[in-house]
Amino acid sequence: MQKALLILVILIVIASTLFLISSFLSKSNYLLSPISTKNNLPMEKTLEKYSFERLKNRIPQGGNIYIGKELNNGTGFSSHIFYFTTEGKKVSGMINIPTKAGAYPVLVLLRGFIDQQIYTTGDGTRRDGEIFTQNGFITLAPDFLGYGESASPSANPVEERFQTYSTTLDLITSIAAINNSLTTLSDNLIATETGKIGIWAHSNGGQIALSILAISGKNYPTVLWAPVSKPFPYSVLYFTDEFDDHGKKLRKVIADFEHDYDSELYTFTNYIDWINTAIQLHQGSEDEAVPQKWSDQFVQALKEKEKDVTYFIYPGENHNFTQGSWLLNIERNINFYQKQFSKTPRN
């Protein structure tokens, strides 16, 4: 009888223990399990962090800008490779620095699309950057991830595109520390206060610039040459005929993206209200890459939002302004920046 009672007590203890363990594991699964199909908070999708709403609330990762070897030594300027980091990844680029001692505003130059196989640091901005520097500006032209001596970008082509936004935002934030590097070249050479930062952009660089203006909401006086100003992803799909497969692979990438995400959250054209700076836009009437009607329509959209925009059309001019308008264009750019930087900063 006593033996039977002992066995019964042991069974009760075992059952109680198993119940408590089961209850604990159930609660732990509710809180911690990454694979549970019940009661878990929804997992964030990889690219949600690049929506404009999310990027607007992202804190840019400013850091040091390191100036490396000299690439060119011209009249009144020198060109060097420079490095900074974004999301822990190294990015290279070209910096043009005036030879004469002084304090200079900074221009961030954003190039258009160039095939990685033929790209070298400074391509797409080299000539413009030299002229700007000879006229009193420090210029920084990032290569972007995957180009020059930069680290590799995301393997996802859509994320690689979005990384240009976070990269540019981090570069602009890092400019605050650039004087630490400039003093290694000259004790009397500095960048002026961070309120004097401008953006110059061409073609696909234009959509990066406009995205930065919307996301940041900052007063970065901006010059655009034939910008890609149509909404994403149409702005990408428009150029698919240039690919060997006529864009078949890219269309699949975009289709997969739009299956999982709302593309309307990823295009600056829906956030024009956020732009808070003066814009000077230049467009050739015979542009073979960016149709004039794109710029016509975008300028009209800016004016409807009462944004500060000046628009120049160059009859007979092409995408790169090589039919005789380049010097006039640059002169207008320089005058624009000088006028804007003479004003009291309003960031």
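## The largest pocket

In this predicted model, 47 residues line the largest pocket. Phe113, Ile114, Tyr147, Asn204 and Phe243 lie nearest the centre of that pocket. Six elements each give two or more residues to the lining: α3 (126-134), α4 (157-174), β8 (197-202), α6 (204-216), α7 (234-237) and α8 (248-260). Helix α4 gives the most, with seven residues.

The volume of the largest pocket is about 1,500 Å³. Its lining is mixed in class: 21 residues are nonpolar, 16 are polar and ten are charged.

## Cavities

How many cavities of 30 Å³ or more are there? The count comes to two. The largest cavity holds about 40 Å³ of space. Its lining consists of Arg161, Tyr165, Gln207, Ser211, Lys230, Phe232, Ser235, Tyr266, Thr267 and Phe268. Helices α4 and α6 are the elements that give two or more residues to this lining. Both helices also give two or more residues to the lining of the largest pocket. By class, the lining of the largest cavity has four nonpolar, four polar and two charged residues.

The second largest cavity holds about 30 Å³. Around it are Leu109, Leu110, Arg111, Tyr119, Gly122, Asp123, Thr125, Ala141, Pro142 and Asp143. Here the elements giving two or more residues are β5 (106-110) and β6 (138-142). Five of the lining residues are nonpolar, two are polar and three are charged.

## Strand β10 and its partners

Strand β10 spans residues 279-284. Six of its six residues are buried, so the strand is largely enclosed by the rest of the structure. In a regular strand the side chains alternate between the two faces of the sheet. In β10, Ile279, Leu281 and Gln283 point one way. Gln280, His282 and Gly284 point the other way. Residues on both sides are buried.

Which strands pair with β10? One is β9 (residues 222-225), which runs parallel to β10 and is joined to it by four bridges. Val223 of β9 stands opposite Gln280 in β10. The other is β11 (residues 309-314), also parallel, with six bridges to β10. In that pairing, Gly284 of β10 stands opposite Tyr314 in β11.

A helix links into this arrangement. Together, β10, helix α9 (residues 292-304) and β11 make a β-α-β unit. What is the handedness of this unit? The unit is right-handed.

## The loop between β9 and α7

Two backbone features fall in this loop. Ala226 lies in the loop between β9 and α7. Its phi is positive, at about 45 degrees, although Ala226 is not a glycine. Is Ala226 buried or exposed? Its relative accessibility is 0%, so Ala226 counts as buried, the cut-off being under 20%.

Pro233 lies in the loop between β9 and α7 as well. A cis peptide bond joins Phe232 to Pro233, with omega at about 10 degrees. Phe232 is also among the residues lining the largest cavity. Ser235 and Lys230 are also part of that lining.

## The loop between β11 and α10

Phe321 is found in the loop between β11 and α10. Phe321 has a positive phi of about 55 degrees, yet it is not a glycine. At 1% relative accessibility, Phe321 counts as buried.

Helix α10 covers residues 326-341, and Gln340 has its place there. Why does Gln340 count as buried? Its relative accessibility is 12%, and buried means under 20%, so Gln340 falls within the buried class. Leaving out residues up to four places away in sequence, Gln340 touches Pro221 and Ala278.

Note on methods
Residues numbered from 1 in each chain as written. Predicted model: local features only at pLDDT ≥ 70, side-chain atom pairs only at ≥ 80, totals over all residues. Heavy atoms only, no water. 1 Å grid on protein atoms, 1.4 Å probe; cavity = no way out; pocket = protein on both sides within 12 Å on 5 of 7 lines; lining within 4 Å. Points joined across faces, edges and corners; volume = space filled by probe spheres on them. Nonpolar A, V, L, I, M, F, W, Y, C, P; charged D, E, K, R; others polar. Buried < 20%, exposed > 50% of the residue type's maximum accessible area, 1.4 Å probe, protein only. Pairing = 2+ DSSP bridges. Right-handed = clockwise from strand over helix to strand, strands pointing away. Contact = heavy atoms within 4.5 Å.
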